[in-house]
Amino acid sequence: MEFCVEDSTDVHVLLEDHRIVFSCKNADGVELYNEIEFYAKVNSKDSQDKRSGRSITCFVRKWKEKVAWPRLTKEDIKPVWLSVDFDNWRDWEGDEEVELAQVEHYAELLKKVSTKRPPPAMDDLDDDSDSGDATSN
């Protein structure tokens with residue numbers, strides 16, 4: 001899920017097994033609040049959120065991953081502000097190999113989002129590469 005709010009402040013994301021509560025202030029200081037009751041249970045412990053300058057993206061993992069939902073919300077009526085991102089659409093009746101590759105790609109994205117690594121060691125660089133040119137003149 002993605003909440004598109006540029007230059008957001010005071011961002012709060014509460015993800016529970018049956019709902020998500022999102023609140024923040026936009027660049028003008030206007031308070032925004034959304035609460036979504038999910039169609040079915042999600043794995044709140046294995047879900048994450050990431051903030052960028054333009055949006056807050058929530059990676060929400062369903063409790064039963066192989067079960068398709070007819071909609072995101074528990075209510076049969078879709079909120080007017082909610083839309084489908086077809087760039088991230090997943091066909092549940094597709095090839096299992098494709099699904100596995102997508103899950104692995106998702107896992108790699110989560111690792112990149114959630115882990116900070118130390119900078120690479122540069123001890124294998126040659127410090128004298130420029131000094132030979134300076135002494136030969």
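**Exercise 1. Determine whether strand β3 is enclosed or open to the surroundings, and place Ser23 within this picture.**

Solution. Begin with the strand as a whole. In this predicted model, β3 has seven residues, of which five are buried, so the strand is largely enclosed by the rest of the structure.

Next, turn to a single position. Ser23 belongs to strand β3. Its relative accessible area is 18%; the cut-off for a buried residue is under 20%, so Ser23 counts as buried.

Then identify what surrounds the residue. Beyond its neighbours within four places in sequence, Ser23 makes contact with Asp10, Val11, His12, Leu32 and Tyr33. One of these contacts, His12, is also the bridge partner of Ser23.

**Exercise 2. Work out the strand order of the sheet that contains β3, and state which strands stand at its edges.**

Solution. Take the pairings in turn. Strand β2, residues 9-15, runs antiparallel to β3 and is joined to it by five bridges. The bridge between His12 and Ser23 in β3 is an example of a matched pair. The connection from β2 to β3 is a hairpin through three residues.

On to the next pairing: β3 and strand β4, residues 31-37, are antiparallel and share seven bridges. Here Arg19 has Glu37 in β4 as its bridge partner. These two strands also form a hairpin, with five residues between them. Within that turn, Gly29 has a positive phi of about 85°.

Now assemble the sheet. The order is β2-β3-β4, in an open sheet of three strands with antiparallel pairing. Strands β2 and β4 each have a single partner strand and stand at the edges, so one side of each lacks a neighbour in the sheet. On average, neighbouring strands of this sheet are turned by 5° against each other, direction ignored.

**Exercise 3. Carry out the corresponding analysis for β6 and the strands that pair with it.**

Solution. Consider β1 before the others. Strand β1, residues 2-4, is joined to β6 by three bridges, and the two run antiparallel. Two positions illustrate this register: Glu2 stands opposite Thr57 in β6, and Phe3 stands opposite Ile56.

Continue with β5. This strand, residues 48-51, pairs with β6 over four bridges in the antiparallel sense. Asp49 has Cys58 in β6 as its bridge partner. A hairpin with three residues between the strands is formed by β5 and β6.

Combining these pairings gives an open sheet of three strands in the order β1-β6-β5, with antiparallel pairing. Its edges are β1 and β5; each has a single partner strand, so one side of each is left without a neighbour in the sheet. The average turn between neighbouring strands is 15°, direction ignored.

Finally, check the covering of β6. Four of its five residues are buried, and the strand is thus described as mostly covered.

**Exercise 4. List the residues of the largest nonpolar core and find which elements supply them.**

Solution. The membership comes to ten residues: Phe3, Val5, Ile20, Phe22, Cys24, Ile36, Phe38, Val42, Ile56 and Cys58. Two elements give two or more residues to this core, namely β3 (19-25) and β6 (55-59). The greatest contribution is that of β3, with three residues.

As a further step, examine one member of the core. Leaving out residues up to four places away in sequence, Ile36 touches Met1, Phe3, His18, Arg19, Ile20, Thr73 and Trp81. Two of these contacts, Phe3 and Ile20, are themselves among the core residues.

**Exercise 5. Decide how many disulfides the model contains, and compare the exposure of Cys4 and Cys24.**

Solution. A disulfide requires a pair of cysteine sulfur atoms within 2.5 Å. By this rule, the count is zero.

For the exposure, consider the two cysteines separately. Cys4 has a relative accessible area of 63%; exposed means over 50%, so Cys4 is exposed. Cys24 has a relative accessible area of 3% and is buried. Cys24 is also listed in the largest nonpolar core.

Notes:
Residues numbered from 1 in each chain as written. Predicted model: local features only at pLDDT ≥ 70, side-chain atom pairs only at ≥ 80, totals over all residues. Heavy atoms only, no water. Core = buried A, V, L, I, M, F, W, Y, C linked by side-chain atoms within 4.5 Å. Buried < 20%, exposed > 50% of the residue type's maximum accessible area, 1.4 Å probe, protein only. Contact = heavy atoms within 4.5 Å. Pairing = 2+ DSSP bridges. Axes fitted to C-alpha atoms, helices over the stretch in contact; angles between N-to-C directions.
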